[in-house]
Every structure is written in structure tokens, then in C-alpha cells.
Amino acid sequence: MTRKNYVFTSESVSEGHPDKVCDRISDAVLDAFFTEDPYSRVACETMATTDRVVIGGEVRGPGDVIKRVEEIARECVKDIGYEQQGFHWANMKVNNYLHAQSADIAQGVDGGADKDEGAGDQGIMFGYACTETDALMPAPIQYSHAILRRLAEVRKSGKEPALGPDAKSQLSIRYEDGKPVEVTSVVLSTQHLDPDLSSNDVRAIVEPYIREILPADWLTKVTEWHVNPTGKFVIGGPDGDAGLTGRKIIVDTYGGAAPHGGGAFSGKDPTKVDRSAAYAARYLAKNVVAAGMADRCTLQLAYAIGVSKPLSIYVDTHGTGQVHEAEIEKAVATAMDLTPRGIRTHLGLNKPIYQRTAAYGHFGRAPDEQGGFSWEKTDLVDALKKAV
């Protein structure tokens with residue numbers, strides 16, 4: 001039986017977190033390739049540490065993009081806001097080790113006259129949706145993201161110049177009868193540029209924005225607040241802690257409220273089902289919930305490298321389903337072509353839309369006019385209803 005009363009915690013990290021700096025650069029490289037050639041192949045990894053960014057991986061596409069990688073990296077770091085001693089967009093060293101895609105991988109993925117395009121790798125991918133928020137996302141991760149996005153807005157606008165780019169948030173939310181009703185604790189650590197600021201000073205800056213984001217009745221007299229609990233947080237970003245692409249996969253997805261598959265997202269073109277099939281799984285799970293078939297839905301897809309069709313489709317509605325899981329599994333397979341090519345075509349993924357996903361979550365975001373976050377649409381509801 002599903003638990004109804006409990007406390008659940010999720011965290012988010014800002015765009016200035018060292019790992020997110022790396023995700024941003026990797027996705028910016030991907031977007032640069034897609035801007036010139038929508039059929040480029042990219043697997044870009046980034047590492048950042050004190051005054052240095054190292055970029056490597058496999059690519060297939062316009063050669064002039066490789067020559068611009070250093071410029072792309074500097075633009076990303078500048079936009080995030082790093083101009084500090086130890087990590088400055090203009091002074092950092094950038095090492096570029098991108099090289100041509102493996103021919104062995106290419107032969108398994110490429111389509112031809114006698115075969116459809118195959119998956120870029122084996123793997124399992126999960127999608128999840130629930131009725132806790134309007135975005136059909138779990139409340140702890142959705143509000144953790146929203147807090148940091150708001151703090152980034154006021155930092156970049158100049159309204160709160162004392163804040164630095166590096167930050168983390170964490171919310172513990174109490175559930176009653178399966179619904180979020182109260183924040184039991186707020187954890188917020190943010191870099192600050194004035195070394196004389198105390199934890200109380202920082203709390204005075206950030207608390208109004210946290211209260212702006214959270215439902216008013218969720219913060220009570222017994223809510224615990226931990227703002228910069230270690231005290232001073234002046235040295236931040238890659239100067240304080242090294243960063244790597246793909247190291248914040250739970251932040252990227254559902255905050256631990258649902259399973260995550262085996263791969264990260266950033267820096268990968270959508271022939272890599274680590275990314276595209278995870279987007280498809282979220283799209284399907286969200287449409288199942290939006291169609292009223294369940295209040296919660298976890299959906300798993302599995303693939304083999306070089307094979308186009310998914311090996312399996314699994315659905316769990318956690319006891320909230322209005323339609324049997326087996327029927328939903330049949331319906332999603334009917335409503336959407338789940339081959340790699342079919343996913344990319346249906347969701348329009350061969351576009352430069354990925355840099356915007358690199359921070360504040362890949363899910364629970366509004367679809368935009370340029371095609372970003374197309375997997376958040378609920379335009380499959382009628383097709384699913386018809387299929388069952």
C-alpha cells in the first residue's frame with residue numbers, strides 16, 4: 001500500500017554550481033553544432049576547476065564549431081556571472097579535446113536502405129508525472145528549482161548584488177493523505193561576494209524571495225531554516241569545488257521522487273536515448289496523468305544499441321490508476337513512435353534547444369516558441385484516451 005503521510009526532501013543547484021557550469025558548456029557546444037547542422041552528432045563532456053575548463057568527447061558535424069569551442073565556453077561562464085579570482089571567464093584556460101565520433105558507434109546508429117536508425121546506446125530511461133503541482137511534477141524538486149531561479153534573476157538584474165552565482169536549495173515537505181501540505185525545513189546555501197556577511201545577513205536577503213515562491217501556508221512557525229549553515233561562502237564555483245558534466249542527474253529529473261535511468265543528459269545529441277527517450281518517457285507519463293488515467297505515473301523504456309524499437313515499455317500508476325497499467329502500456333506504444341527517429345521527429349529535438357535545460361531541471365518547464373521543452377506538452381491526451 002502506498003504511504004500517505006510522510007516527509008520527502010529534494011534539492012536543486014544553481015546555474016553557477018560547478019557541475020552545472022559544465023552542463024551549460026556541454027549543451028552550448030551541442031546547440032552550436034545544431035545551429036549549423038541539425039543532424040550533427042555530439043557527445044561533449046566538460047570538467048572545470050580553478051581557472052581551467054577542459055572539454056572533450058566525440059562529434060560529427062561542421063568543423064568550424066570545434067574551432068569556436070573556447071569562445072563558447074567563455075560566453076557561458078560570463079553569462080553565469082563568474083568574474084572572481086580563481087575562476088574568471090576572461091582569464092580561465094580552456095583545453096579543447098573534441099574529436100571525431102567513433103566509426104563503430106556510427107555504424108550502429110546510422111540508418112540505411114535496409115535498416116532504421118538505431119539507438120545510440122543500450123539503456124533504461126524513466127519518466128514520471130504526478131498531480132502535486134500544476135506542472136505535474138513532485139513539489140519538493142519543483143519548488144527547489146523555482147527558489148534558485150528567482151535568486152538568479154535578482155542577482156543578474158542587479159537587485160541583489162551581494163549574491164554570487166553558486167547556490168544550493170533543499171526543501172523537506174510533509175505530505176498528508178498523499179498531498180504536500182507543509183515545508184518542515186528550508187536549506188539554502190548561496191555564495192556571497194561580501195565576506196563580512198553573516199548567515200543571518202544572507203537569510204535577510206534570500207528569505208523574502210523564498211516566501212514569494214512557496215505557498216504561504218506551507219511555511220509555519222515550526223519550519224526549520226538553515227541558510228548558509230556553515231557560515232562564510234565566498235569562494236564558490238569551480239574554484240571551490242571541481243565540476244563535471246552529468247553529475248547532477250537527480251536534480252535534472254525528479255529530485256529522487258522517481259527512478260532515474262543509467263545516463264545523464266547534457267552534451268548529448270538526441271540520437272543518444274539516454275536523453276531523448278528520457279524526454280519521451282516524461283512526455284508520455286505527463287500525458288497519462290493529464291488524461292486523468294492516474295494521479296501518478298512512472299514509465300520505463302529500454303533500448304539496445306543499434307536497435308530502433310524499444311525492448312520494453314513498463315508503466316506503474318502506484319495504485320492511483322483509472323486504467324489498468326497493461327492497457328496504458330499498449331496505448332503509449334500506439335500513440336507515439338518510440339524509435340529514436342520517431343521520438344526526435346515527434347518532439348522536434350534536432351534543434352538548438354538544449355542550453356536552456358542545463359540548469360533548474362529538464363522537466364516541469366513551460367514549452368517555448370523555439371521548440372524547447374516540447375516534451376512538456378500535453379497534446380497526446382486525446383490520442384491516449386482513444387487508444388484505451
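Biologist: Why is tryptophan 375 called buried?

Modeller: In this predicted model, tryptophan 375 has a relative accessible area of 0%. Buried means under 20%, so tryptophan 375 is buried.

Biologist: What makes the rings of tyrosine 279 and phenylalanine 363 an edge-to-face pair?

Modeller: Two values decide the matter. The ring centres are 6.0 Å apart, and rings pair if their centres lie within 6.5 Å. The angle between the planes is 90°, and planes over 60 degrees apart count as edge-to-face. The pair of tyrosine 279 and phenylalanine 363 is therefore edge-to-face. By this rule the count comes to 11 aromatic pairs.

Biologist: Why is this pair said to tie together parts of the chain?

Modeller: Tyrosine 279 belongs to helix H8 (residues 273-290), whereas phenylalanine 363 lies in the loop between helix H10 (340-347) and helix H11 (381-387). The pair joins parts that are 84 residues apart in sequence, which is why the phrase is used. Both tyrosine 279 and phenylalanine 363 are buried.

Biologist: Why are the rings of tyrosine 279 and tryptophan 375 called stacked?

Modeller: Their centres are 3.8 Å apart and their planes stand at 15°. Planes under 30 degrees apart count as stacked, so this pair is stacked. With tyrosine 279 in helix H8 and tryptophan 375 in the loop between H10 and H11, the pair ties together parts that are 96 residues apart in sequence.

Biologist: How do you know that tyrosine 279 is buried?

Modeller: Its relative accessibility is 0%, and the cut-off for buried is under 20%. Tyrosine 279 therefore counts as buried. Tyr279 and Trp375 also belong to one aromatic cluster, together with Tyr128, Tyr254, Phe265, Phe363 and Phe373.

Biologist: Which residues touch the most other members of the largest nonpolar core?

Modeller: They are Ile55, Tyr303, Met336, Ile343 and Trp375, in a core of 74 residues. H8 gives the largest share of this core, with 11 residues. Apart from it lies another core of 28 residues, among them Ala152, Tyr209, Ile210 and Leu219. In soluble globular proteins, nonpolar side chains tend to be buried together.

Biologist: Which residues are in contact with isoleucine 55, leaving aside its neighbours within four places in sequence?

Modeller: Among them are Ile25, Cys44, Val69, Ala73, Val94, Tyr97 and Leu98.

Biologist: What makes H8 oblique to H10?

Modeller: The two helices pack at an angle of about 60°, with their axes 10 Å apart. Angles under 35 degrees count as roughly parallel, and those of 65 to 115 as roughly perpendicular. The angle of about 60° fits neither class, so H8 is oblique to H10. H8 passes H10 in a left-handed crossing. On the H8 side the contact is made by Val273, Ser276, Ala277, Tyr279, Ala280 and Tyr283, and on the H10 side by Pro340, Ile343, His346 and Leu347.

Biologist: Why is H5 called oblique to H6?

Modeller: The axes of helix H5 (residues 139-157) and helix H6 (residues 199-213) come within 9 Å and cross at roughly 135°. Angles of 65 to 115 degrees count as roughly perpendicular and those over 145 as roughly antiparallel. The angle of roughly 135° belongs to neither class, so H5 is oblique to H6. Their crossing is right-handed. Residues of H5, including Tyr143, Ala146 and Ile147, meet residues of H6, including Val206, Tyr209 and Ile210.

Biologist: How do you know that aspartate 27 is buried?

Modeller: Aspartate 27, in helix H1 (residues 18-36), has a relative accessibility of 0%. Set against the cut-off of under 20%, this value means that aspartate 27 counts as buried. Not counting residues up to four places away in sequence, aspartate 27 touches Ser266, Gly267, Arg275, Tyr354, Gln355, Thr357 and Ala358.

Biologist: Why does tryptophan 218 count as buried at 9% relative accessibility?

Modeller: The definition asks for a value under 20%, and 9% satisfies it, so tryptophan 218 counts as buried. Tryptophan 218 is placed in the loop between H6 and strand S10 (224-227). Among the residues it touches, not counting those up to four places away in sequence, are Ala139, Tyr143, Ile173 and Pro180.

Key:
Residues are numbered from 1 along each chain as its sequence is written. This is a predicted model: local features need pLDDT of at least 70, side-chain atom pairs count only at pLDDT 80 or more; totals for chains, interfaces and linings use all residues. Side-chain values use heavy atoms; hydrogens and water are left out. Helices (H or I, at least four residues) and strands (E, at least two) are DSSP runs, numbered from the N terminus. Buried means under 20% relative accessible area, exposed over 50%, partly exposed in between (1.4 Å probe, protein chains only). A nonpolar core is a set of buried Ala, Val, Leu, Ile, Met, Phe, Trp, Tyr and Cys residues joined through side-chain atoms within 4.5 Å. Contact means heavy atoms within 4.5 Å. Axes are lines fitted to C-alpha atoms, for helices over the stretch in contact, and angles run from 0 to 180 degrees between N-to-C directions. A crossing is left-handed if the near helix is turned anticlockwise from the far one by less than a right angle, and right-handed if clockwise.
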